[in-house]
Amino acid sequence: MNVALGEFTGFHLTKTGESAPANSPKAGKPKAAKPAAAPASEVRPPADARTDRLLRAPIFVMSPVRSGSTLLRSILNAHSLLHAPHELHVRRLTVGFGTGLAERAMHALGHNQADLEHLLWDRVLHRELLRSGKSHIVDKTPANAFAFERLAACWPDARFVFLLRHPVSIARSWHEADPEKRDFAEAAADALRYMKAVERARKGLKGHTIHYEELTADPEGEIRAVCDFLGIPFEPGMLRYGSSQTVVQKGLGDWKDKIRSGEVQKGRDLPDESEIPDVLRPMSVSWGYLSK
């Protein structure tokens, strides 16, 4: 009866809690499971960087959340050679073989899953760079710090800029971004995960380190140093990056009034030593904000 009803009306009767029959127009296709990221054991540098990579010397800003990375991104993007789009999250892009035959075929070409993911990441960033008309791409996704080893393996010629900020200022800003979601203690604990990841990256990679407070106090001096590290000329217009920026959606970067102003604004005052909670004191020492 249900089949006949479906043929004449397009509807089927079902009991509460039941899914529509498989032959029903209402029955959607089963959702494919998202491929899991390649295991760490498969991660390796490109077999031949000349053919396996279109992108040359990408730049990654490694920073915790709420550390001023959108400000730095805006400044760098104002350079005639640098394209610094919103947070890209390419490390979250995964691939799957689909079938065992496809897996065997890719292995015969010398590709494991991590290799294919790296090819995808490289193509996405390279396309974005070509469309910009510039010569160097900058990605400032904070979560990249959790995958610094993989990024370095994907692009052995990558360059890294580490942006640090007082841990208490980071925690306060992270709390203020969504006070209903996390109180200050929760914000401090969550932001500390990013801080620790950035610190591991600093110890594991070569790069250039700047502090948010120094960037806002002496923007020209700090940006000149970044340009020297990247091997490009400093351009004064970088410091007047303008307010005509691509709208940043939630989750893809900060876009508060200080950033919208188009110029570097003075940062908030440094917290007093008595305001540093125990959970943030070791990191405050490591980053030079607190004496041992």
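Biologist: How much area does the chain expose?

Modeller: This is a predicted model, in which local features need pLDDT of at least 70 and side-chain atom pairs count only at pLDDT 80 or more, while totals for chains, interfaces and linings use all residues. Residues are numbered from 1 along each chain as its sequence is written, and side-chain values use heavy atoms, with hydrogens and water left out. Accessible areas come from the Shrake-Rupley method with a 1.4 Å probe, and for residues only the protein chains shown count as cover. Carbon and sulfur atoms supply 53% of the exposed area, and the chain exposes about 16,000 Å².

Biologist: What pLDDT does the chain average?

Modeller: pLDDT is the predictor's confidence in each residue, from 0 to 100. Of the residues, 80% score at least 70, and the chain average is 87.

Biologist: Over residues 6–10, where the pLDDT is below 50, how many contacts does the model have beyond near neighbours in sequence?

Modeller: A contact means heavy atoms within 4.5 Å. Counted beyond near neighbours in sequence, the contacts of residues 6–10 in the model come to four.

Biologist: In what order do the five strands stand in the sheet?

Modeller: Helices (H or I, at least four residues) and strands (E, at least two) are DSSP runs, numbered from the N terminus. Two strands pair if DSSP finds at least two bridges between them. The sheet is open and its pairing is parallel; the order is β2-β3-β1-β4-β5.

Biologist: Which strands stand at the edges?

Modeller: An edge strand here has a single partner strand, so one side of it is left without a neighbour in the sheet. That applies to β2 (82–83) and β5 (208–211).

Biologist: Which residue of β5 stands opposite Phe162?

Modeller: Strand β4 (residues 159–164) pairs in the parallel sense with β1 (residues 59–62) over four bridges, and β4 and β5 also pair in the parallel sense over four bridges. Towards β1, Met62 stands opposite Phe162. Towards β5, the residue opposite Phe162 is Thr209.

Biologist: How many of the six residues of β4 are buried?

Modeller: Buried means under 20% relative accessible area, exposed over 50%, and partly exposed in between (1.4 Å probe, protein chains only). In a regular strand the side chains alternate between the two faces of the sheet. In β4, Arg159, Val161 and Leu163 are buried on one side, and Phe160, Phe162 and Leu164 on the other. The number of buried residues in β4 is six.

Biologist: At about what angle does helix α10 run to β5?

Modeller: Axes are lines fitted to C-alpha atoms, for helices over the stretch in contact, and angles run from 0 to 180 degrees between N-to-C directions. Helix α5 (residues 113–132) lies across β1, β2 and β3 (136–139), at about 120 degrees to β3. Helix α10 (residues 219–230) lies across β1, β2, β4 and β5, and its angle to β5 is about 170 degrees.

Biologist: Which helix is largely enclosed by the rest of the structure?

Modeller: Ser69, Arg73 and Asn77 are among the buried residues of this helix. Nine of its nine residues, 69–77, are buried, so the helix largely enclosed is α3.

Biologist: Which residue's backbone nitrogen does the side chain of Asn112 reach at 2.8 Å?

Modeller: Asn112 is found in the loop between α4 (100–108) and α5, and is buried, with a relative accessible area of 8%. The Asn112 side chain reaches the backbone oxygen of Glu42 at 3.0 Å. The backbone nitrogen reached at 2.8 Å belongs to Asp115.

Conventions
A polar contact is a pair of N or O atoms within 3.5 Å; within protein, one must be able to donate a hydrogen and the other to accept it, and residues adjacent in sequence count only if both atoms are side-chain atoms.
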